[in-house]
Amino acid sequence: MKARTVCFVYGFLAFSLGVGNLAGAQGPNVEPADIIVIHGRVYTENPKQPWAQAVAIRSAKIAAVGEDAAIEGVRGVGTKVIDAGGRLVLPGFVDCHIHFLEGSLSLGRVNLEGAKDIPDIQKRLRDYAAEHPGDDWILGQGWNYAMFGAETLPHKKYLDELFPNRPALLVGYDGHTAWANSKALALAGITHETPNPANGIIVRDSQTGEATGALKESAQELVWKLVPLPTRAEKLLALRAGMKWANEHGITRVHSAGGDFEILDLFDEMRHRGDLNLRMYIAYFLNPPQLRPKDLDSIEAAHEKFHDDWIDAGAVKFMVDGVVESHTAAMLEPYSDDPSVKGKPFWEPANYNAAVAELDKRGLQLFTHAIGDYGVRMALDAYENAEEQNHKHDRRPRIEHIETISAADISRFGKLGVIASMQPLHSYPDSDTLDVWARNAGPDRASRAWAWKSIANRGGRLAFGSDWPVVTLSPWEGIQTAVTRQTAEGTPADGFDPEQRLTVEQAIEAYTLGAAFAGRREKTEGSLEPGKLADLIIISQNIFDIDPHKIGATKVSTTILGGRLVYQADKH
Ligand SMILES: [Zn+2]
C-alpha cells in the first residue's frame, strides 16, 4: 500500500510541475532514470498528453513522459538510452483472450495456418519431419476446410504418403475437427466396427465404411488420448518460447480464458527464477451444470495467493454456447441453413444466473463465452440480475466473442457496464466467414456480425484479443482487420459490414487502455503516464499514416516490460 502511495505522489509531482521543469530540476531530489527512450513519436493513450517524444523509466515504472530535452534532463551516468529513431512508441499491448499454454505448445508443432492447398500442407509437413526426425507423434494445427477444395474435409491418404509408420494428428484451425493418418487410427484401434462416440463422428467412406481420418468433435479424443502429455519440463520450455513469441509481437500482458489456471504454480516458478516475461491474468474455467463448493474453494484459494501485477487469478470463465460453424452457438431464432436447430446453451439459465450472482458477490470478475445472439442475451441478463442482487460495485463483467447480437441488446453493454471482449481476426472475411459462418447465421444476423463499432457507439467498452492458438496472436493483423473489415487482399471490396470499421485509435485503445480497464488494471497499466508500470513497445511503422492494409505487417523493434528490455529486434 505504501509503495503505491509513493508512486502516486511522484506521478502527481511530475504532472503538476510539467516535465519541462524536470530538466531544470536536476538536484539532489531528481534521481537519474534507469532507461530513457528518446526521439520517438510517443502515442501515450493519456488524453491529457496524447503525444510526446520521450519516456523516462525508473524502478520498473514510468517516471516522466515529455519532450526529448526534458527527458534528457533525467539521464544519468548509468542510464540506458534507447533511441527510437522517430518510430512509434506505444503502451505495451494486452491480449484479452488467450489460451497461453496451448498456444505455447503449438509453437513446437506444425503450423498449417495460411497453407494454400494440399501440396502446400504436405511441404510444410515434410519440412517439419526433416527437422524433427524420429518416430514420435507429428502434431499440428491450423488447416481449414477450404484447403481441401470441394471435399472440404481432410483425408488420411495425404498423410499416409508422407508418414506410413509415424502417427500424425493435425487439428483444424477451429478445434472442431482433427485429421489423423492410418498409423494413428490403427494405434487408436479405430476400425469399420468402431461406433461413433457421444457428440462425435468418425467420418467414413460412403462406399467402404472405412474411417477417412477426419474426426469430428468428441471423436478427436479417441486419438488424442494416446498422445503423450507434455511433462512439466516440456511445459516450462514451451511457456518460455510462448512468452518470447508474445514479446516479439509487442504483448506485455495476457488474459487467459482457459487452460492456464491449472499451471499457476509454473508461472510462479518462472517468476521466482526471474524469467516470467509476461503479466498473466488467469481465469478459472467453470464447467456446467453448476457452481460446486469445490470450484469455489479452488477459485478463492488461487485468488488469495495470486493477485498482484504479475500473476492474478481473480477471474472466472463460463462458456454458455459453442460456435456458429457447427450450429452450436445459441441463437434466438433457428439457423438459416437448418431451421431445425437453434443451438442449445451449455448452461441452464437458472444455474448460470445463480453461479454468476454468487461469484460476483465475492468480487470475482466474470468472463462469459457467448457467440450466438441468445448466448449474448443470457449473459447480459445474468449480469443485470447480479447487479440487482448484489447492488453497485465495480464488477466490469465481460462477454467474450459476441459474434452476433440482437439489435435490442447493443445498448445494454454501455448501460450495464459490460465489457465487449472481442477478437478482430475471427471476423476475417475469408470464405470460412462469408460462405460458412454467414450462410449458417443468415443475412439478418450477419448484418450485426462482430458489431464492435455499434457497441462502442452506444457506450460499451471494447477489449481486443486473439484466442491464440485459434488464430495468430499478432495484434497488428487484428488491428488491420478491425480497421478494414477486409482480407489482406482487400476483399470484399466494400468491406464486411463496413459500418463496423474502427479507427486506428479505437483499435489501439482496445488493446491497451481498454484492455487494462477490462482487466481492472487501468490505474497502473494501459497508458504511458508517470506512475504507471513501464510496459511499452517501439514498432517499425507509423500505423496512423500508412495504408491500413499494411498494418498487419508491422514488426516490433523493442518491448520493455516492467522497465526490463525483454525483446529487441536487432538482437535476434
Ligand atoms: Zn477461447
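Colleague: Which way do strand 9 and strand 10 run, and how many bridges join them?

Modeller: Keep in mind that this is a predicted model. Strand 10 covers residues 138-143, and its direction matches a parallel pairing with strand 9. One pair to look for is V110 opposite G140 in strand 10. So to speak, the link is parallel, and the number of bridges joining strand 9 to strand 10 is two.

Colleague: What is the strand order of the open sheet that holds strand 9?

Modeller: Strand 9 (110-111) is an edge strand, and so is strand 13 (200-204), each pairing on one side only. The sheet is open, has six strands and shows mixed pairing. Reading across, the order is 9-10-11-12-14-13.

Colleague: What is the bridge partner of G140 in strand 11?

Modeller: Strand 10 and strand 11 pair over five bridges, in the parallel sense. G140 also faces V110. Over in strand 11, the bridge partner of G140 is L170.

Colleague: How many residues of strand 11 are buried?

Modeller: Strand 11 takes in residues 168-172, and it's mostly covered. Out of its five residues, the number buried is five.

Colleague: Which residue in the turn between strand 11 and strand 12 has a positive phi?

Modeller: Strand 11 and strand 12 (residues 177-180) are antiparallel, with three bridges joining them. One bridge pair there is V171 with A178. The two strands form a hairpin with four residues between them, and the one with a positive phi, about 75°, is G175.

Colleague: On to another sheet: which are the edge strands of the one ordered 3-2-7-22-23-24?

Modeller: This open sheet has six strands and mixed pairing. An edge strand pairs on one side only, and that fits strand 3 (51-52) and strand 24 (564-568).

Colleague: Which residue in strand 7 stands opposite V42?

Modeller: Strand 2 (residues 41-43) pairs with strand 7 (residues 88-91) in the parallel sense, over two bridges. Look across from V42 into strand 7 and you find V89.

Colleague: Strand 18 points side chains two ways; are they buried or exposed?

Modeller: One way go Q365, F367 and H369, and the other way go L366, T368 and A370. Strand 18 (residues 365-370) is mostly covered, with six of its six residues on the covered list. Whichever way they point, all are buried.

Colleague: What is the bridge partner of F318 in strand 18?

Modeller: Strand 17 (residues 311-319) runs parallel to strand 18, and five bridges join them. In strand 18, the partner of F318 is T368.

Colleague: Now some helices. Is helix 12 parallel or oblique to helix 13?

Modeller: The axes of helix 12 (residues 349-361) and helix 13 (residues 373-390) come within 9 Å and cross at roughly 45°. Angles under 35 degrees would count as roughly parallel, and roughly perpendicular begins at 65. That crossing angle therefore makes helix 12, relative to helix 13, oblique.

Colleague: How many charged residues are in the contact of helix 12 with helix 13?

Modeller: Helix 12 brings residues including Y352, V356 and K361, and helix 13 brings residues including M378, Y383 and Q389. By class, the contact has ten nonpolar residues and four polar ones, and the charged residues number two.

Colleague: How do helix 9 and helix 10 lie to each other, roughly parallel or roughly perpendicular?

Modeller: Helix 9 (residues 232-248) and helix 10 (residues 264-273) have axes that come within 11 Å and cross at roughly 65°. The range for roughly perpendicular is 65 to 115 degrees. Helix 9 and helix 10 are therefore roughly perpendicular.

Colleague: How many charged residues are in the contact of helix 9 with helix 10?

Modeller: Helix 9 supplies R232, K235, L236, L239, R240 and M243, while helix 10 supplies D265, L266, F267, E269, M270 and R273. Six residues of the contact are nonpolar, none is polar, and the number charged is six.

Colleague: Why does W437 count as buried?

Modeller: W437 sits in helix 15 (residues 431-446). Leaving aside neighbours within four places in sequence, its contacts include V324, E403 and W450. Buried means under 20% relative accessible area. W437 counts as buried because its relative accessibility is 0%.

Colleague: And K61, what does its relative accessibility make it?

Modeller: K61 lies in strand 5 (residues 61-66). Its relative accessibility is 23%, so K61 counts as partly exposed.

How values were computed: Residues are numbered from 1 along each chain as its sequence is written. This is a predicted model: local features need pLDDT of at least 70, side-chain atom pairs count only at pLDDT 80 or more; totals for chains, interfaces and linings use all residues. Side-chain values use heavy atoms; hydrogens and water are left out. Two strands pair if DSSP finds at least two bridges between them. Buried means under 20% relative accessible area, exposed over 50%, partly exposed in between (1.4 Å probe, protein chains only). Axes are lines fitted to C-alpha atoms, for helices over the stretch in contact, and angles run from 0 to 180 degrees between N-to-C directions. Angles under 35 degrees count as roughly parallel, over 145 as roughly antiparallel, 65 to 115 as roughly perpendicular and the rest as oblique. Contact means heavy atoms within 4.5 Å. Ala, Val, Leu, Ile, Met, Phe, Trp, Tyr, Cys and Pro count as nonpolar, Asp, Glu, Lys and Arg as charged, and the others, Gly among them, as polar.
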